[in-house]
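Colleague: Please take one part of this predicted model and go through it closely. I would like the buried strands and the residues around them, with enough of the whole chain to place them.

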Amino acid sequence: MSDTVLLQWQDDVATLTLNRPEKLNAFNAELKAGLLAALGDLKRERPKVLVITGAGRAFAAGQDLEDRRNASNVDLGASIAEFYAPLVTGLASLPSVTVARVPGVAAGAGASLALSCDIVIASDEAKFVFPFGKIGLVPDGAITRTLPRLVGTARAKAILLLGAPVSATEAASVGMIWQAVPAADLDECVAACVDGLSSQSAAALAATVEMLREPSPDLAEHFHREARHQARLGKSEYYQDSVTSFLNRTRHSS
Ligand code: LHQ
């Protein structure tokens, strides 16, 4: 894997770092290849938690526009089919809880990537920028699907059509992200989030994100999936041990 993408492991927590800080981690060809290679590793290793972040002051500035200098020669549809779609769908199919650590600006496809994560924690110095209309493109990275589900259709339309940057603080206040925290506290807050997830059952977390990411449109089908997960999880050692230790503690305290 190239240095433009780092994949580090600590037990069952993986951290994926976009590492072109001098270009605000914009997605050039090398970084894209590195991300797809990392995705292959993640599909094999299936961490319990995956943290995605950017090195330096940004999360990611989206597509590297330098790579688009001769724009008329490039098939942007292919760029979506070969990179952005496999990346976002690949992450959504992982059994891992995905946590975006957003130290600064997330723009274009970089914002789409951050907001595709299950939990987003941003520095209060960060902002989300959707410049698609201004550069003559449709918002991509499935943000036209993701954003309305986060903030509602009316707000998503205004954000994507007007293209005004959204500060992390505003993003947290409208439910676009989980938290905006002081820059100095970002790592501590992400670590607390990761610790909270790490202490739980991997199978339960995987089932929970599977249900949350793609709820069934039909209520009966949703309950059917829920019942299948619960039947399996109810037989797990983790659940049996948790119930036993709860009951033992209750007996001790009564
Ligand atoms: C960059 C970039 C960048 C290259 C900063 N590329 N170098 C598109 C096409 C194809 C298929 C599918 O998908 C897409 C989706 C997209 O992602 S479209 C959106 C593409 N991204 C943008 O339009 C954002 C462009 N960047 C900006 O507007 C600003 O850089 C932001 C607001 C992100 C940050 O502004 P500043 O904090 O003022 O930083 P800066 O502009 O000074 O940038 C620092 C360096 O990073 C600078 O390089 P230099 O060598 O001059 O120091 C920039 O050229 C470079 N950089 N974004 N996307």
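**Buried residues and paired strands**

Modeller: Arg213 counts as buried, because its relative accessibility is 14% and the cut-off for buried is under 20%. The model is a predicted one, and that applies to everything below. Arg213 lies in helix H8, which covers residues 202-213. Setting aside neighbours within four places in sequence, Arg213 is in contact with Leu91, Ala92, Ser93, Leu94, Ser96, Val97, Thr98, Asp118 and Arg149. One of these contacts, Val97, leads to the strands, since strand S4 is made of residues 97-102 and strands are taken as DSSP runs. Arg155, by contrast, is not a close point of reference: the C-alpha atoms of Arg213 and Arg155 are separated by 20 Å, with their positions 58 residues apart along the chain.

Strand S4 pairs with strand S6, residues 119-123, in the parallel sense over four bridges. Within that pairing, Arg101 has Ile121 of S6 as its bridge partner. S6 is mostly covered, with four of its five residues buried. S6 is also joined to strand S9, residues 179-181, by three bridges, and these two strands run parallel. Ile121 takes part here as well: its bridge partner in S9 is Gln179. Ile121 therefore has a bridge partner in S4 as well as one in S9, where pairing of strands rests on at least two bridges found by DSSP.

The next strands to look at are S2 and S3. Strand S2 covers residues 13-18, and strand S3 covers residues 49-54. Six bridges join S2 to S3, and the two run parallel. One of the bridge pairs is Thr17 with Thr53 of S3. S3 is mostly covered: six of its six residues are buried. The cover is on both faces, with Val49, Val51 and Thr53 buried on one side and Leu50, Ile52 and Gly54 buried on the other. In a regular strand the side chains alternate between the two faces of the sheet.

Ala14 is found in strand S2. Ala14 counts as buried because its relative accessibility is 0%. Apart from neighbours within four places in sequence, Ala14 is in contact with Leu7, Gln8, Trp9, Leu42, Pro47, Val49, Leu50 and Val51. Among these contacts, Val49, Leu50 and Val51 are also named among the buried residues of S3. The C-alpha atoms of Ala14 and Lys48 are separated by 8.1 Å, while the two residues are 34 apart along the chain.

After S2 comes the loop that runs between S2 (13-18) and helix H1 (29-45), and Leu24 is found in it. Phi of Leu24 is near 55 degrees, a positive value in a residue other than glycine. Asn25 has its place in that loop between S2 and H1 too. Phi of Asn25 is near 60 degrees, again positive in a residue other than glycine. Asn25 is buried, because its relative accessible area is 0%.

There is also an open sheet of three strands, with the order S5-S7-S8 and mixed pairing. Its edge strands are S5 (106-107) and S8 (166-167), each of which pairs on one side only. S5 is joined to strand S7, residues 127-129, by two bridges, and S5 and S7 run parallel. Ala107 stands opposite Val129 in S7.

These parts belong to a protein chain with 10 helices and nine strands. Of its 254 residues, 44% count as buried. A compact globule with 254 residues would have a radius of gyration near 18 Å, and the chain has 20 Å, which agrees. Along its principal axes the C-alpha trace spans about 70 × 40 × 35 Å. Among contacts between residues at least 6 apart in sequence, 68% join residues at least 24 apart.

The accessible surface of the chain comes to about 13,300 Å², and 56% of it belongs to carbon and sulfur atoms. As for charge, the mean positions of the 24 positive and 28 negative charges are 5 Å apart.

Key. Residues are numbered from 1 along each chain as its sequence is written. This is a predicted model: local features need pLDDT of at least 70, side-chain atom pairs count only at pLDDT 80 or more; totals for chains, interfaces and linings use all residues. Side-chain values use heavy atoms; hydrogens and water are left out. The radius of gyration is taken over C-alpha atoms; the globule rule is 2.2 Å times the number of residues to the power 0.38. Buried means under 20% relative accessible area, exposed over 50%, partly exposed in between (1.4 Å probe, protein chains only). Contact means heavy atoms within 4.5 Å. Accessible areas come from the Shrake-Rupley method with a 1.4 Å probe; for residues, only the protein chains shown count as cover. Lys and Arg count as positive and Asp and Glu as negative; His and the chain ends are not counted. The place of a charge is taken as NZ of Lys, CZ of Arg, CG of Asp or CD of Glu.
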